[in-house]
Amino acid sequence: MRKRMTRSTGAVSGLLIILLGAWGALIPFVGPYFDYSFGSNTTWHYTADRLWLDILPGALAVLAGVMLLLAATRAAGILAGWLAIVAGGWFVVGPSVSLTWQSGAGPIGRPLYGSTRQMLELVGYFYGLGALIVALAAFAIGRFASRPALADEAATAGPARQAAPAPPATARAAGAEDGRHRRLPLPRWGERAEAGRAGSRVGRTSGR
C-alpha cells in the first residue's frame, strides 16, 4: 500500500529548482540585456546549441520542480528528484559534451567581457547552476526517502497499541463476582461483643 505524505516535504526544494530551471532556460536570451552573455551579446538569439544546452535541461528542471511540489508519495518525490539531478548534471557536463558534435571554441562560444564577468557567466550559465540543482535534488530525495520510515513507525505503533483489546464486559463482571466471593465477611464490633457476652454466660452456666 502506498503511503501518502505531506505536500510540504519537497515544497522548498521544488520551488527553488523551478526558479533555477527557468533561469537556466532563459538566461541566454535575456542575459545580453545586462551584458551577461556567451558568444553573442544579442538578445533572444536562438540556436540549436542553446536548445540542447540551456532550454531542454532548464525545462526538465522546471518539470522536476513542479513534480516535487505536487509529490504526495515517496516514489513520486524520488522520481522528481532524479529528474532534477539529470537536468542539473547536464548543465554541468553539457558544455564539455558539446565538443563531440562541434569543434573549435565549442557551441556555447566564449564568455564575454572581463575575467570576473566571464567567471560569473560560466558559473551562472552552467557549472554553478547545475551543481546547485543537483544539491537541492539530492536533499529532496533524502527527505522523501526518510519520511516513509517515520510513517511506518507510526503505522506499526498504532496497531501495537490496539493489539491488546480490553476484556469483555462479561469477563470483567465474572472477575468482580469471584473477588466478592473470595472476600471473607468480618464480624462487626457489636456482633463480636455480643458473642463474647454470650460465651461468658455459657461458661458460668456450665460452671454451676
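What does the accessible surface of the protein come to, and what share of it belongs to carbon and sulfur atoms? The surface comes to about 12,900 Å², and 67% of it belongs to carbon and sulfur atoms. The model is predicted.

**Figure 1. The overall fold, an array of seven helices.** The protein has seven helices and zero strands. From the N terminus on, the order of elements is α-α-α-α-α-α-α. The chain has 208 residues, of which 30% count as buried. Take the contacts between residues at least 6 apart in sequence: 76% of them join residues at least 24 apart.

**Figure 2. Helix H3 and its kink.** Helix H3 covers residues 74-97, 24 residues in total. From first C-alpha to last, H3 reaches 33 Å. That is close to the 34 Å expected at 1.5 Å a residue. H3 nevertheless carries a kink of about 40°, placed at Phe-91. The proline Pro-95 follows shortly after the kink. Both Phe-91 and Pro-95 are buried.

**Figure 3. Buried positions along H3.** Which residues of H3 are buried? The glycines among them are Gly-77, Gly-81, Gly-88 and Gly-94. The alanines among them are Ala-80, Ala-84 and Ala-87. Ile-78, Phe-91 and Pro-95 are buried as well. In an α-helix, residues three or four places apart point the same way, because there are 3.6 residues a turn.

**Figure 4. A nonpolar surface patch involving H2 and H3.** Trp-52, Leu-56, Val-93, Val-97 and Trp-101 make a nonpolar patch of about 460 Å² on the surface. Helix H2 (48-70) supplies at least two of the patch residues, and so does H3. Val-93 sits in H3. Is Val-93 buried or partly exposed? Val-93 counts as partly exposed because its relative accessibility is 40%.

**Figure 5. Two loop residues with positive phi.** Most residues other than glycine have a negative phi. Asp-35 has a positive phi, near 55°. Its place is the loop between helix H1 (11-30) and H2. Asp-35 is partly exposed, at a relative accessible area of 33%. Tyr-113 also has a positive phi, about 75°, and is not a glycine. Tyr-113 is found in the loop between H3 and helix H4 (115-125). At 40% relative accessibility, Tyr-113 is partly exposed.

**Figure 6. Phe-38 in the loop between H1 and H2.** Where does Phe-38 lie? Phe-38 lies in the loop between H1 and H2. Why does Phe-38 count as buried? Its relative accessibility is 4%, and the cut-off for buried is under 20%. Beyond its neighbours within four places in sequence, Phe-38 contacts Arg-50. Its other such contacts include Ile-108, Gly-109, Arg-110 and Pro-111. Glu-121, Leu-122, Tyr-125 and Phe-126 are also in contact with Phe-38. Phe-38 and Glu-121 are 83 residues apart along the chain, yet 7.5 Å separates their C-alpha atoms.

**Figure 7. Thr-9, ahead of H1.** Thr-9 is found in the segment before H1. Thr-9 counts as buried because its relative accessibility is 3%. Which residues does Thr-9 contact, leaving aside neighbours within four places in sequence? They are Arg-143, Phe-144 and Arg-147. Thr-9 and Phe-144 are 135 residues apart along the chain. Their C-alpha atoms are separated by 6.8 Å.

Terms used: Residues are numbered from 1 along each chain as its sequence is written. This is a predicted model: local features need pLDDT of at least 70, side-chain atom pairs count only at pLDDT 80 or more; totals for chains, interfaces and linings use all residues. Side-chain values use heavy atoms; hydrogens and water are left out. Helices (H or I, at least four residues) and strands (E, at least two) are DSSP runs, numbered from the N terminus. Buried means under 20% relative accessible area, exposed over 50%, partly exposed in between (1.4 Å probe, protein chains only). Contact means heavy atoms within 4.5 Å. Accessible areas come from the Shrake-Rupley method with a 1.4 Å probe; for residues, only the protein chains shown count as cover. The expected span of a helix is 1.5 Å times one less than its number of residues. The bend at a residue is the angle between axes fitted to the seven residues ending there and the seven starting there. Patches are made of residues with over 30% relative accessible area and no salt bridge: like charges are joined within 9 Å, nonpolar side chains (Val, Leu, Ile, Met, Phe, Trp, Tyr) within 5 Å. A salt bridge is a side-chain nitrogen of Lys or Arg within 4 Å of a carboxyl oxygen of Asp or Glu.
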